[in-house]
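Me: I would like a close look at a single part of this model, followed outwards to whatever it touches. Please take it step by step.

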Amino acid sequence: MITVKKLQKLLESIVLRGEGGFTTEYSNNRSKTNVARYDPSTAMIRMFLKNRKLRRKKRRSLLIIGAAVHELAHHVLFVRRKPPVHSPLFFFTLGELVERLRRRGITLQSGDVL
Ligand SMILES: [Zn+2]
């Protein structure tokens, strides 16, 4: 499974200059509703590894990356001062980040991007 350090480095590698300044954390809290969450007040991406969807053994690292890149899109839009909602702009930004991951050799399937 991908370590939080590697995940943080990977996410940093796909944002533009000025869009960094976020931290990624693995939480052992059980969240039934969320696989991950972005907190704009602390710029923290928190991954809930005990969530049922992230506990699957198959493709686990890719699911973690997929959930993290979703939260990263929230961070990027927050930094750009755009509203952090699931707008068409959000999914466009998410698509851009997923494409940058693909160029780094990590291909997510649509089901991986939680
Ligand atoms: Zn979201």
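At what angle do α3 and helix α4 pack, and how far apart are their axes?

Reply: The model is a predicted one, and what follows should be read in that light. Helix α3, residues 60-79, and helix α4, residues 88-103, pack at an angle of about 120°, and their axes lie 9 Å apart. The two helices α3 and α4 are therefore oblique to each other, since angles from 65 to 115 degrees would be needed to call them roughly perpendicular and angles over 145 to call them roughly antiparallel. The crossing that α3 and α4 make is right-handed. On the α3 side the contact involves V69, H70, L72, A73, V76 and L77, and these meet L89, F90, T93, L94, L97, V98 and L101 of α4. Sorted by class, the contact of α3 with α4 comprises eleven nonpolar and two polar residues, with no charged ones.

Helix α3 also packs with helix α1, residues 4-12, here at an angle of about 50° and with the axes 11 Å apart. That angle again falls outside the ranges for roughly parallel and roughly perpendicular pairs, so α1 and α3 are oblique to each other. The crossing in which α1 passes α3 is right-handed. From α1 the contact draws on L7, L10 and L11, while α3 contributes I64, I65, A68 and L72. By class, the contact of α1 with α3 has seven nonpolar residues, and neither polar nor charged ones. Residue L72 of α3 is thus listed in the contact with α4 and in the contact with α1.

The third element to consider beside α3 is the sheet, which is open and has three strands in the order β1-β3-β2, with mixed pairing. Strands β1 (23-27) and β2 (36-39) stand at the edges with a single partner strand each, so one side of each is left without a neighbour in the sheet. From one strand to the next the twist averages 20°. Helix α3 packs on this sheet and touches β1, β2 and β3, its direction making about 20° with that of β2.

Within the sheet, β1 and β3 pair in the parallel sense over five bridges, whereas β2 and strand β3, residues 44-48, pair in the antiparallel sense over four bridges. Residue M44 of β3 can be followed in both directions, for T23 stands opposite M44, and D39 stands opposite M44 as well. Strands β2 and β3 form a hairpin with four residues between them, and A43, in the turn, has a positive phi of about 55°.

To place these parts in the whole, the protein has four helices and three strands, and along the sequence they follow the pattern α-β-β-β-α-α-α. The C-alpha atoms fill a box of roughly 35 × 30 × 25 Å, taken along the principal axes. For 114 residues a compact globule would have a radius of gyration near 13 Å, and the protein, with 13 Å, agrees with that. Helix α3, then, packs with α4, with α1 and on the sheet.

Note on methods: Residues are numbered from 1 along each chain as its sequence is written. This is a predicted model: local features need pLDDT of at least 70, side-chain atom pairs count only at pLDDT 80 or more; totals for chains, interfaces and linings use all residues. Two strands pair if DSSP finds at least two bridges between them. Axes are lines fitted to C-alpha atoms, for helices over the stretch in contact, and angles run from 0 to 180 degrees between N-to-C directions. Two residues are in contact if their C-beta atoms, placed from the backbone, lie within 7 Å. Angles under 35 degrees count as roughly parallel, over 145 as roughly antiparallel, 65 to 115 as roughly perpendicular and the rest as oblique. A crossing is left-handed if the near helix is turned anticlockwise from the far one by less than a right angle, and right-handed if clockwise. Ala, Val, Leu, Ile, Met, Phe, Trp, Tyr, Cys and Pro count as nonpolar, Asp, Glu, Lys and Arg as charged, and the others, Gly among them, as polar. The radius of gyration is taken over C-alpha atoms; the globule rule is 2.2 Å times the number of residues to the power 0.38.
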